[in-house]
Amino acid sequence: MRVIVVGAGVVGTMHAWHAMNRGHEVVQIEREAEARGASLRNFGQIWVSGRAGGEELDTALRARELWEEIGARLPALGFRPNGSLTPVRGDLELAVAESAVARPDAAARGYKLLTPAEARAVNPALRGEFDAALYCERDAAVEPRTAQLALRAELSKSPRYTFLPGREVRDVVGEHAVRDDHGDTHTGDAVVLCTGAWLGGLVRELAGPDLPVRRVRLQMMQTAPLGEALTTSVADADSFRYYPAYASPALDELNARRPQPATAADHRMQLLMVQRADGGLTIGDTHEYEHPFAFDTVEEPYEHLTGVVESLLGRPLPAIRRRWAGVYAQCTDTTRVVHRQRVREGVWLVTGPGGRGMTCSPAIAETTANELGW
């Protein structure tokens, strides 16, 4: 079988990975010289802890297994089973954490409620004041700026794999074939369009104007090296408001009695933080849903995040070295893990994982491969 994959972000590259590992020939086409979208502009988190129970959690757990398997083959992915800690302050936040630990699927996530001393034994960098911390053992991390490069370097060792950068697919030609802006036609037994947040042009023509996927903009930043190990990923209690696993009467009470600060509420913020291989910290993030998106980054969210991080670390944050904005595609029905649609005979569109893309991409691609009979 010959599989044409359009898009070299993490979702597209994982489709290429599964096709190759099942013995097929793969042609992967990317309109940029390298993928430049949300697949690089994220935390690199394999984030199990906040996923909704059922399909979303099952997908994340399967993806976590696949990331670990692939990471054992490719050390350059930077896979590490670092877990996560969410420190909480006050009875209202503590009640939400206790509700999470009482979930029937808490063991599958690796949830534990730790005392401050226990949390600092896991992550000594957390020297700030807090009352308890929700630990999720199944969370993990990879290096987002280099993961696709490492995967593709491995794929490129096979003569069955071809990477064609700098080519934008402009048309679907008959069945199982696409034409790029160089005028070349690429024919296979299956075509998978993994175009990320590129939802106009050909995608609109194929999927129609009512594609149930929207674009979401975010802001993030990265610091100079911390100078010590941040041994887990770290979230703050605002992540309880964002992730569906924490929905509960306790969360309703938190929202009613202690709403977010104005900046966090205005920018729909939470703290997520992961240490990079070079020792710097990736910190975010914001969420903007209304079009047209701003074209600039604004300082108030960065100032808010800096204050939250410094209160947890109990020390000044290292200098900010990078700031960026990104855009990802999210299903408008946020309970759906991904939008997978046959748009022509032999041509499939796979998009809209939202903030789950880095976490769930190996399992999303595996499901596509299984459904298409690769």
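**Close-up views of a predicted model**

**View 1. The lining of the second largest pocket mixes residues of several classes.** By class, the residues that line the second largest pocket are seven nonpolar, four polar and six charged. The structure shown here is a predicted model, and in this model the second largest pocket has a volume of about 270 Å³. Of the 17 residues in its lining, those closest to the centre of the pocket are Arg 89, Glu 93, Asp 236, Ala 237 and Arg 258. Three elements each give two or more residues to this lining, namely β4 (84–88), α8 (238–242) and α11 (299–313). Among the elements, α11 gives the most, with five residues.

**View 2. Eight strands form an open sheet with mixed pairing.** Strands of a sheet pair through backbone hydrogen bonds, and the pairing can be either parallel or antiparallel. Read across this sheet, the order of the strands is β5-β6-β4-β14-β15-β16-β13-β17. At the edges stand β5 (111–114) and β17 (320–331), each of which has a single partner strand, so one side of each is left without a neighbour in the sheet. From one strand to the next, the twist averages 25°. Helix α11, which also takes part in the lining of the second largest pocket, packs on this sheet and touches β4, β13 (213–223), β14 (233–235), β15 (272–275), β16 (281–284) and β17. The direction of α11 makes about 55° with that of β13.

**View 3. Within the eight-stranded sheet, β4 and β6 run antiparallel.** Strand β6 covers residues 132–136, and five bridges join this strand to β4. One place to look for the pairing is Thr 86, which stands opposite Leu 134 in β6.

**View 4. Six strands form another open sheet with mixed pairing.** The order of the strands in this sheet is β8-β2-β1-β12-β19-β18. Its edges are β8 (161–165) and β18 (339–344), and each has a single partner strand, so one side of each is left without a neighbour in the sheet. The twist from one strand to the next averages 20°. Strand β18 is joined by five bridges to β19 (residues 347–351), and the two strands run antiparallel, with Arg 344 standing opposite Val 347 in β19. Helix α1 (residues 10–21) lies across β1 (2–6), β2 (25–30), β8, β12 (190–193) and β19, and this helix runs at about 170° to β2.

**View 5. Strands β9, β10 and β11 are linked by antiparallel pairing.** Strand β9 (residues 169–172) pairs with β10 (residues 177–180) over three bridges, and the bridge partner of Asp 171 is Arg 179 in β10. The hairpin of β9 and β10 has four residues between the strands, and Gly 174 there takes a positive phi near 60°. His 176, in the loop between β9 and β10, has a positive phi of about 65° although this residue is not a glycine. Strand β10 also pairs with β11 (residues 185–187) over three bridges, and here the bridge partner of Ala 177 is Thr 187 in β11. The hairpin of β10 and β11 has four residues between its strands, and Gly 183 in the turn has a positive phi of about 85°.

**View 6. The largest cavity has a lining without charged residues.** The structure holds one cavity of 30 Å³ or more, and the volume of the largest cavity is about 30 Å³. The residues that line it are Val 6, Val 169, Leu 193, Thr 195, Trp 198, Leu 202, Val 203 and Leu 206. By class, seven of the lining residues are nonpolar and one is polar. Helix α7 (residues 202–207) gives the most to this lining, with three residues.

**View 7. An aromatic pair links distant parts of the chain.** The count of aromatic pairs comes to three, and one of them is the pair of Trp 47 and Tyr 243, which is tilted, with 6.0 Å from centre to centre and 45° between the planes. Trp 47 lies in the loop between β3 (45–46) and α2 (55–73), whereas Tyr 243 lies in the loop between α8 and α9 (249–257), so that 196 residues separate the two along the chain.

**View 8. Cis peptide bonds lie in the loop between β16 and α11.** The peptide bond from Gly 284 to Asp 285 is cis, with omega near 0°, and Asp 285 has its place in this loop. The peptide bond from His 291 to Pro 292 is also cis, with omega near 0°, and Pro 292 lies in the loop between β16 and α11 as well.

Notes. Residues numbered from 1 in each chain as written. Predicted model: local features only at pLDDT ≥ 70, side-chain atom pairs only at ≥ 80, totals over all residues. Heavy atoms only, no water. 1 Å grid on protein atoms, 1.4 Å probe; cavity = no way out; pocket = protein on both sides within 12 Å on 5 of 7 lines; lining within 4 Å. Points joined across faces, edges and corners; volume = space filled by probe spheres on them. Nonpolar A, V, L, I, M, F, W, Y, C, P; charged D, E, K, R; others polar. Pairing = 2+ DSSP bridges. Axes fitted to C-alpha atoms, helices over the stretch in contact; angles between N-to-C directions. Contact = heavy atoms within 4.5 Å. Phe/Tyr/Trp six-rings, centres within 6.5 Å; stacked < 30°, edge-to-face > 60°.
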